[in-house]
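Here's a quick briefing to keep beside the viewer. It walks through some helix packing, then the ligand surroundings, then the overall build.

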Amino acid sequence: MAARTLRIGLIPGDGIGKEVIPAGRRLLESLPSSLNLKFEFVDLKAGFETFEQTGAALPDKTVEILKNECDGALFGAVSSPSTAVKGYSSPIVALRKRLDLYANVRPVKSVMTAKNPIDMVIVRENTEDLYVKEEKTYEGPEGKVAEAIKRISYKASFRIAKMAGEIALRRQKIRDSGVPSIHKSPMVTITHKSNVLSQTDGLFRATAREALADPRFKSVGVEEQIVDSMVYKLFRQPETYDVIVAPNLYGDILSDGAAALVGSLGLVPSANVGEGFAIGEPCHGSAPDIMGKNIANPIATLRSVALMLEFMDEEAAAAKIYAAVDGNLEEGKLLSPDLGGSATTTEVVEDILRRL
Ligand code: ATP
Ligand code: MG
């Protein structure tokens, strides 16, 4: 069988993005040939440095190449200037819009030998809710009033819940292929606050139920939870959760909260996903305090590579990467400083590549 060739856009961005994205590339180049995959890479620009050089944080050329030539992409990090800089806005936010990457997918996993092992993924709707940014301020009879629109649509709720169902099935497939987990069967938890917001969150909840009632998802358990009690349970019994699906704002809060459960930002991957296109992105920022020292933890990026491959239906390749990363963490001999070790970025990468 001819090898499948995948063309990957590489956007290192700023700071440690320039150190971890090359590690992601090395990982793809080192996948075993038995997977029958070939990769081509396109180096692309975005970020604050690009803004300073060209006046655009996200050059049109980057977007066009991603759209027309790439099967997927990896995004490093961009530094956010501490004070607003005229004309500068986040390129990853713009990229999500321009490529209609409507889902933000964030797996949070600890080693299975941890005292309270965690293995969950938060699937966050990324186009609407309060983030439509329709706000206004006016003078009411008793003083100033500010209002924001919370918009929830059937279309966006349906497609995000469907994606959560698909992710639940795929995670089960990866578990079945031998990657250890605390979960035995797939489960999706729908998050909402429809006891208070009966129309907006009510629509999200009902639509998610409808999407997940598809016979395709008959092996997937579906439950729901009010967001505040979810936060409580997320910290008390995080092992309960497999796949969490949430509207934009709750998803934002839950995914940062969940990331805090595993100790370092350097471990947490994410993907920005649309129809047939995914950009893997480590959750951390550009970490200027550690850049250029070869000590950034590359695992968030390596896991983001695996996550991107999942959305290309390359579960076997993803499973290999997850198992290699888990092996490195469980053995605990070559860990980067954020995890209490003294290994360099290069040493961690090499240990993981050896385990492939
Ligand atoms: P930015 O403006 O780009 O968001 P930041 O200063 O907020 O930069 P973050 O990347 O968000 O930096 O990181 C917050 C803290 O976590 C920093 O102290 C950083 O060194 C640390 N950190 C982030 N990512 C990693 C990583 N991959 N490995 C080790 N430490 C990291
Ligand atoms: Mg930051």
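**Helix packing and ligand shell**

In this predicted model, α1 and α9 sit oblique to each other, because their angle of about 45 degrees falls in neither the parallel, the antiparallel nor the perpendicular range. Two more helix pairs are worth a look, α1 with α11 and α9 with α10. After those come ligand 1 and the protein as a whole.

**α1 against α9**

- Helix α1 covers residues 17-29 and helix α9 covers residues 299-310, and their axes are 9 Å apart.
- The handedness of this crossing is right-handed.
- On the α1 side, the residues in contact are V20, I21, A23, G24, L27 and L28, and they meet T301, L302 and V305 on the α9 side.
- Sorted by class, that contact has seven nonpolar residues, two polar ones and no charged ones.

**α1 against α11**

- Helix α11 spans residues 345-355, and its axis comes within 11 Å of the α1 axis.
- The two axes cross at roughly 20 degrees, which is under 35 degrees, so α1 and α11 count as roughly parallel.
- Like many things in a viewer, handedness is easy to misjudge by eye: α1 passes α11 in a right-handed crossing.
- From α1, the residues E19, A23, R26 and L27 meet T345, V349 and L353 from α11.
- Here the class split is four nonpolar, one polar and two charged.
- A23 and L27 turn up in the α1 contact with α9 and also in the α1 contact with α11.

**α9 against α10**

- Helix α10 runs over residues 315-331, and its axis lies 7 Å from that of α9.
- Their angle is about 160 degrees, and since that is over 145, α9 and α10 are roughly antiparallel.
- This time the crossing is left-handed.
- α9 brings I299, L302, R303, V305, A306, L309 and E310 to the contact, while α10 brings E315, A317, A318, I321, Y322 and V325.
- By class, you get ten nonpolar residues, no polar ones and three charged ones.
- L302 and V305 of α9 appear in the contact with α10 as well as in the contact with α1.

**Around ligand 1**

- There are 19 residues around ligand 1, and the ones that come nearest are G266, H284, G285, S286 and N297.
- The shell as a whole breaks down into eight nonpolar, nine polar and two charged residues.

**The whole protein**

- The secondary structure comes to eleven helices and twelve strands.
- With 356 residues, the protein has a radius of gyration of 20 Å, close to the 21 Å from the globule rule, so it is as compact as a globular protein of that length.
- If you're setting up a box, the C-alpha trace spans about 65 × 50 × 45 Å along its principal axes.

How values were computed
Residues numbered from 1 in each chain as written. Chains lettered and ligands numbered in written order. Predicted model: local features only at pLDDT ≥ 70, side-chain atom pairs only at ≥ 80, totals over all residues. Axes fitted to C-alpha atoms, helices over the stretch in contact; angles between N-to-C directions. Helix = DSSP H or I, 4+ residues; strand = E, 2+ residues; numbered from the N terminus. Parallel < 35°, antiparallel > 145°, perpendicular 65-115°, else oblique. Left-handed = near helix turned anticlockwise from the far one by under 90°. Contact = placed C-beta atoms within 7 Å. Nonpolar A, V, L, I, M, F, W, Y, C, P; charged D, E, K, R; others polar. Near = placed C-beta within 6 Å. Rg over C-alpha atoms; globule rule 2.2 N^0.38 Å.
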